[in-house]
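Thanks for asking me to look at this one. Here are my notes, point by point, to read alongside the model.

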Amino acid sequence: MSEQHIVSNKKLTCIWLILLVLTTLTVAITRVDLGGYKVFGALTIACVKAGLVIAVFMHMKYEGKLLRWLLFLALVTLAIFIGLTFFDVLYR
Amino acid sequence: MDSLEPTQPLNNSFWNDTGKTGITSWIFSTDHKRIGLLYFYVTFGFFLTGVLLGLLLRIELMAPGRTIMGPQTYNALFTVHGVVMIFLFIIPGIPGAFGNLVMPIQVGARDVAFPRLNLLSWWLYIIGALIVLTSLFSGGGAPDTGWTFYVPFSSRTGTNVSLAVFGVFIVGFSSILTGVNFVTTIHRLRAEGMSWGRLPLFTWSLYATAWVQILATPILAITLVLIMAERLLGTGLFDPSRGGDPVMYQHLFWIYSHPAVYIMILPAMGIISDIIPVFSRKPIFGYKMIAFSSIAIAAAGSLVWGHHMFTSGMSDTAVMVFSFLTFIVAIPSAIKVFNWISTLYKGSISLEAPMLFALSFILLFSIGGLSGLILGAAATDVHVHDTHFVVGHFHYVMFGGTGFAIFAAMHYWLPKFYGRRYAEKPAVVAWALMFTGFNVLYFTMQVLGMKGMPRRYYDYLPEFANLNLVATIGSWILAAGLVIMVVNLFRGLWWGVPFEGNPWGGASLEWTVPTPPPTENFIEEPVVTHGPYDFSNTERS
Amino acid sequence: MSHPEHKDDIGAKLGMWLFLFTELLLFGGLFLLYAVYLKRYPHEFATGGTQLNWVLGSANTAILLTSSLCAAMALTALQRHEMRRAMALLGATIFCAAGFMVIKYVEWSAKIGHGIYPGSEHLKAGPPGESIFFSLYFLSTGIHGLHVLIGAILLAWITVKIKSGEVNGDNYILLENGALYWHLVDLIWIFIFPLYYLIL
């Protein structure tokens with residue numbers, strides 16, 4: 001992760017367009033009646049969008065292993081906090 | 001002690017080698033050692049304040065009924081005792097003071113990764129602490145909720161909870177920035193040859209601690225914001241009449257505050273891991289496992305917050321899950337204790353003040369840890385929950401553990417930074433008094449709890465009177481020892497006999513630099529060729 | 001004993017990421033509460049969600065995504081030593097931030113005009129879950145809005161530094177970290193948007 005990496009404007013614009021398309025898609029799928037799948041669908045798209053922002057806009061794609069592992073650690077921690085709380089919420 | 005007139009600190013050290021010695025050169029200094037000492041004096045000052053409040057609480061509980069104060073004052077005092085001890089002393093205590101003083105030298109760096117951020121951390125801590133102090137004497141008066149700020153009481157009481165909570169929020173921010181700084185320092189600023197396998201175990205423990213500070217403290221921050229929103233905006237998120245769930249407050253609070261327990265104890269364990277081999281003149285037994293167990297404790301410690309909530313109305317499934325997970329933490333903790341004991345085995349042990357405190361740490365922490373298992377098991381917890389057993393338990397871990405480790409660190413490291421010795425005999429007498437008083441005070445509390453005396457109660461049944469008197473007498477013995485220790489140590493540090501070199505024969509990098517260290521620690525960039533507990537080439541000077 | 005000024009861009013970036021983790025966890029607490037209360041009050045959350053203006057929400061999403069693009073392109077420009085371009089793109093980012101805040105202001109004042117705000121009589125009279133939904137909505141978007149403000153000020157300060165030449169094509173870590181912070185603000189919104197405006 002030591003050397004400088006310049007992301008081209010073309011690539012950034014491309015990602016931006018994909019993000020806008022995905023946003024439209026989220027709005028579209030939540031306008032039709034999908035029941036519980038709505039939450040699932042909208043969150044999946046949100047995760048994809050977040051992944052794109054992190055990978056390209058935030059240059060994670062070009063960083064070394066260390067930062068990726070640390071990010072993974074932070075996300076797992078958050079997942080654990082939410083997950084373990086649901087042992088209470090779901091079974092009360 | 002030959003020379004008792006106050007003399008200048010030794011030349012060419014961080015005390016004076018920049019030519020700046022005024023007060024502003026300290027409170028705006030970015031030197032990690034100066035910041036460390038600032039933290040030390042302020043946190044230790046808060047410790048003494050907390051001790052004073054604790055002594056008053058014990059005097060009140062000496063006999064049933066009113067002794068020296070009314071119930072509202074009592075509620076405020078135990079709240080302030082808790083807030084001061086936890087948020088202003090024990091959480092910033094080791095990372096802020098000894099982490100700053102020692103860790104950069106241990107990794108072979110000239111300073112931490114972000115020296116200015118480090119100074120900001122200290123200022124945030126001071127500002128937060130001042131806000132907390134202001135909250136005691138303004139508005140509706142000192143908070144009376146207990147340090148846990150449980151809803152619904154905290155959202156309704158007329159006392160000054162909002163301001164106190166805001167102060168703690170700022171202190172939390174300071175803790176986060178210290179964590180960020182330390183992780184970056186340990187990753188980026190290790191000297192040549194200082195591989196991960198050669199890091200002193202104190203640094204390892206700070207690394208694990210810093211991760212807990214980074215990942216858990218933000219949850220406290222948002223929880224405190226929610227209390228303020230609850231009180232000032234009426235969000236109703238924890239108010240059952242508005243659809244909120246008070247148990248969710250407890251979840252959020254303990255998601256931080258249980259890992260925070262490891263912010264308090266992990267660096268203490270690191271201190272012990274550094275002291276025991278030096279005073280046994282033997283390499284530490286099981287270096288890798290001790291380093292690994294620090295990480296394991298930090299990780300497992302993030303999974304167990306629910307054991308504070310067994311009687312809160314949480315689901316039975318969650319009670320079982322959290323009870324099971326709690327027992328997992330016992331494994332890495334036991335790994336450490338067994339490795340310390342194995343290090344002592346056949347060692348050439350010298351019983352000086354730092355070692356005495358370190359050895360009593362092992363005993364007191366073990367008692368605290370084992371009583372923790374009684375609380376971690378859901379069945380027994382229901383019986384002793386919110387009794388004095390809990391109070392005894394966490395004082396064994398936090399005071400007998402972290403507190404004694406801090407005393408050990410004070411006797412072990414501070415002389416290095418002052419270049420002066422304290423007198424050994426009074427230190428040993430102080431240790432003996434404190435150790436005795438401590439056990440009389442807190443073991444009695446555990447017995448009282450088993451008999452059913454609740455915690456945080458102003459008054460109690462007459463059958464608890466004798467044991468309460470014993471506990472209070474214990475608190476006086478403890479305080480007497482503390483006074484002797486403080487007087488002796490600071491008399492030594494300020495006016496004692498100057499020395500140079502390596503008083504304990506330590507092998508980690510902080511013992512290779514001049515005494516006291518110069519501003520940027522190393523005269524030449526160090527190159528590390530051996531582990532931190534390889535004593536083959538070091539001798540006591 | 002005068003050592004050269006210590007400089008470690010990788011360390012600075014590592015520090016910034018660690019700080020971003022703490023921001024992630026901070027909002028994580030709010031998402032945790034959202035998840036728990038969504039589970040308990042699915043219908044009230046649905047009614048609450050339909051009362052929010054999804055068109056304005058979508059517009060704000062597009063604005064924030066665009067601002068993120070500008071911030072990323074500003075870094076690219078600075079790395080290529082195109083100082084003017086970098087400053088212009090940062091200006092565009094801050095302009096987007098202002099647009100975001102204006103729309104947010106319109107949304108909030110409409111809600112407050114209808115008597116919907118934490119602790120309002122209207123919400124107290126309604127079903128409990130709905131008041132929870134709106135309290136969470138105001139807290140999440142409020143704290144997020146605060147981050148937008150902080151991010152915009154940060155980027156403005158960096159623009160000044162570029163102008164003075166202190167931050168330049170060889171020394172761009174400050175902009176890199178500032179942009180990282182800005183992307184985080186975007187990242188949080190990517191989740192707030194569907195959860196509050198769309199899901200139900």
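Which pattern does chain C follow when read along the sequence?

1. **The make-up of chain C.** Please keep in mind throughout that this is a predicted model. Read from start to end, chain C gives α-α-α-α-α-α-α. That agrees with its count of elements, which is seven helices and zero strands.

2. **Dimensions and burial of chain C.** Taken along the principal axes, the box filled by the C-alpha atoms of chain C is roughly 70 × 35 × 25 Å. Chain C has 200 residues, and 52% of them count as buried. If you look at contacts in chain C between residues at least 6 apart in sequence, you will find that 77% join residues at least 24 apart.

3. **Where chain C meets chain A.** Here 33 residues of chain A are in contact with 32 residues of chain C. On the chain C side, the elements that give two or more residues are helix 1 (9-40), helix 3 (54-79) and helix 7 (173-198) of chain C. Sorted by class, this side of chain C has 22 nonpolar residues, seven polar and three charged.

4. **Where chain B meets chain C.** This contact takes 26 residues from chain C and 30 residues from chain B. Helix 6, helix 7 and helix 8 (246-280) of chain B each give two or more residues to the chain B side. Helix 7 of chain B supplies the largest share of that side, with nine residues. The classes on the side of chain B that touches chain C are 17 nonpolar, nine polar and four charged residues.

5. **A helix pair in chain B.** Two of those elements are worth viewing together. Helix 6 (residues 161-188) of chain B and helix 7 (residues 201-232) of chain B have axes that come within 8 Å and cross at roughly 155°. An angle over 145 degrees counts as roughly antiparallel, and helix 6 of chain B and helix 7 of chain B are therefore roughly antiparallel to each other. The crossing of helix 6 of chain B past helix 7 of chain B is left-handed. The residues in the contact of these two helices of chain B comprise 23 nonpolar, eight polar and one charged.

6. **Confidence in chain A.** The mean pLDDT of chain A is 90, with 97% of its residues at 70 or more. Among its elements, helix 3 (residues 65-91) of chain A has the highest mean pLDDT, 95, and helix 2 (residues 37-57) of chain A the lowest, 92. As a general caution, predicted coordinates should not be read in detail where pLDDT is low.

Definitions and conventions:
Residues are numbered from 1 along each chain as its sequence is written. Chains are lettered from A and ligands numbered from 1 in the order in which they are written. This is a predicted model: local features need pLDDT of at least 70, side-chain atom pairs count only at pLDDT 80 or more; totals for chains, interfaces and linings use all residues. Two residues are in contact if their C-beta atoms, placed from the backbone, lie within 7 Å. Helices (H or I, at least four residues) and strands (E, at least two) are DSSP runs, numbered from the N terminus. Ala, Val, Leu, Ile, Met, Phe, Trp, Tyr, Cys and Pro count as nonpolar, Asp, Glu, Lys and Arg as charged, and the others, Gly among them, as polar. Axes are lines fitted to C-alpha atoms, for helices over the stretch in contact, and angles run from 0 to 180 degrees between N-to-C directions. Angles under 35 degrees count as roughly parallel, over 145 as roughly antiparallel, 65 to 115 as roughly perpendicular and the rest as oblique. A crossing is left-handed if the near helix is turned anticlockwise from the far one by less than a right angle, and right-handed if clockwise. pLDDT is the predictor's confidence in each residue, from 0 to 100. A residue is buried if 20 or more other C-beta atoms lie within 10 Å of its own, exposed if 12 or fewer, and partly exposed in between; C-beta atoms are placed from the backbone.
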